[in-house]
Structures are given as C-alpha cells and as structure tokens.
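Take a moment with the model below. The paragraphs after it walk through some charged pairs and then a patch on the surface.

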Amino acid sequence: LRGHSFPEVAPNLPLREELEKESVDALFETLKEKDADRATTIDPHNKRRIVRALEIVEALGKVPQQKKKPEKHVLWIGIEVDAETLRTRIAKRLTERMDQGMIEEVAALHASGTSWEKLESFGLEYRFIARYLQKNICKEEMLEKLRFAINGYARRQRTWFRKHDDIHWVQSSEEASRLIDSFIATP
C-alpha cells in the first residue's frame with residue numbers, strides 16, 4: 001500500500017549467523033560502508049533489519065531503491081478510542097481469553113512437545129502463561145503483568161500509527177462513512 005518493493009533474496013543463513021555475532025553499532029557501520037543509501041533509511045538500532053539489509057547487499061551489491069509512490073489510491077481510517085476505554089476492552093478481552101481456556105491451551109501445547117522457550121516467543125499471553133505454568137509467578141501476578149504488558153503494547157501501537165499522517169482518525173462509524181463516501185466519489 002505504500003509502494004514498497006522487496007527484493008527476492010533468500011536468507012543467507014551462514015552469513016546471518018556470522019552477522020548476529022556483531023554488535024548493532026558495528027553492523028550499522030558496515031551497512032553505511034557498503035550501502036550508504038540504505039543506511040539513511042533504516043533504524044540504526046534494529047539489528048534484525050540491518051542484518052537482512054546486509055544479506056541483500058551481499059547478494060545484490062546494494063539494497064534496491066523502493067518505489068516512492070504507491071500504485072493504489074488508499075483511504076486509511078483509524079478508529080480513535082480513548083485510553084480508558086481501551087484499557088477496559090483489553091481487560092475484558094484478557095478475561096474472556098482466560099475463560100475460554102487459554103491456560104489449558106498453553107499447557108496442551110507444552111505437553112505436545114512445544115518448549116517453554118518457543119511458547120514465550122508466541123506472544124505476550126503465551127509468554128506470561130508459560131511462566132505461570134512453570135510456577136515462576138502466581139496466577140494473580142501473571143494476570144497483572146500480562147494486563148500491564150498488553151496495555152504497554154497498545155500504547156506503542158498507538159504511537160506507531162500516529163506517525164502516519166495519511167491516516168484519518170475517526171470517532172464514529174458515521175464519520176468513517178462520510179470519509180468513505182467522499183473517497184469513493186473522488187476519481
């Protein structure tokens with residue numbers, strides 16, 4: 001939707017293993033030396049993306065420039081929700097997930113051979129439930145930490161979306177409908 005194009009370069013696992021041993025600062029310096037253009041558009045603290053960029057540079061000589069203009073005309077709509085309503089919805093959803101057997105699901109996954117480490121990589125709920133099932137935290141602490149972590153994640157998502165000026169934030173379905181009608185009417 002933003003006109004990005006991604007080079008079809010298979011992961012270079014031996015190179016990736018070697019790069020992973022380096023610090024993010026050293027990797028970023030290497031990227032600046034090998035592809036200064038890509039270095040200006042990448043988060044210098046995101047090791048995973050820098051490693052991937054270096055894999056692409058190794059295969060192609062440099063990271064191809066991405067398209068600047070999207071091929072599609074897109075209407076981005078964001079639904080504005082106040083922080084208190086969001087916290088209430090998160091708490092309700094968490095309670096529902098627990099009532100629907102989330103703890104039992106994680107226990108069954110572990111019993112079927114999924115390691116605790118792998119379960120923790122599945123996401124926040126799996127991470128804290130795995131810790132609870134290993135008896136590292138009690139159920140109340142698990143729920144409290146999980147609620148706090150989900151609220152923090154929601155805050156980071158809101159911050160990320162706020163950086164995109166092309167999103168039209170609305171507070172009602174009527175407001176969204178007006179935007180959609182206007183968008184459709186515009187050639």
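In this predicted model, start with Glu-29 and Lys-32. Their side chains meet in a salt bridge, with N and O 3.0 Å apart. Both residues belong to helix α2, which covers residues 24-34. They sit 3 residues apart, about one turn of the helix. Glu-29 has a relative accessibility of 38%, so it counts as partly exposed. Lys-32 has a relative accessible area of 36%, so it is partly exposed too. The cut-offs explain both labels: partly exposed lies between 20% and 50%.

What lets such side chains pair? Side chains of opposite charge can do so when their charged atoms come close.

Move on to helix α5, residues 83-99. Here Arg-87 forms a salt bridge with Glu-84. The closest N and O atoms are 2.8 Å apart. Again the spacing is 3 residues, about one turn of the helix. Arg-87 is partly exposed because its relative accessibility is 39%. Glu-84 has a relative accessible area of 46%, and is therefore partly exposed.

Some bridges share partners. Arg-16, Arg-52 and Glu-55 are joined in this way into one network. Look at two of its members, Arg-52 and Glu-55. Their side chains meet in a salt bridge of 2.9 Å, N to O. Both lie in helix α4, residues 47-60. They too are 3 residues apart, about one turn of the helix.

Is Glu-55 buried or exposed? Glu-55 is buried, because its relative accessible area is 1%. Buried means under 20%. Its partner Arg-52 has 24% relative accessibility, so Arg-52 counts as partly exposed.

How many salt bridges are there by this rule? The count comes to 13. The pairs Glu-29 with Lys-32, Arg-52 with Glu-55 and Arg-87 with Glu-84 are among them.

Now leave the charges for a nonpolar surface patch. Which residues make it? They are Ile-77, Ile-180 and Ile-184. The patch has an area of about 260 Å². Ile-184 is found in helix α10, which runs over residues 173-185. Why does Ile-184 count as exposed? Its relative accessibility is 64%, and exposed means over 50%.

Methods: Residues numbered from 1 in each chain as written. Predicted model: local features only at pLDDT ≥ 70, side-chain atom pairs only at ≥ 80, totals over all residues. Heavy atoms only, no water. Patch = residues over 30% accessible without salt bridge, like charges linked within 9 Å, V, L, I, M, F, W, Y side chains within 5 Å. Areas by Shrake-Rupley, 256 points an atom, 1.4 Å probe, with all protein chains shown as cover. Salt bridge = Lys/Arg side-chain N within 4 Å of Asp/Glu carboxyl O. Helix = DSSP H or I, 4+ residues; strand = E, 2+ residues; numbered from the N terminus. Buried < 20%, exposed > 50% of the residue type's maximum accessible area, 1.4 Å probe, protein only.
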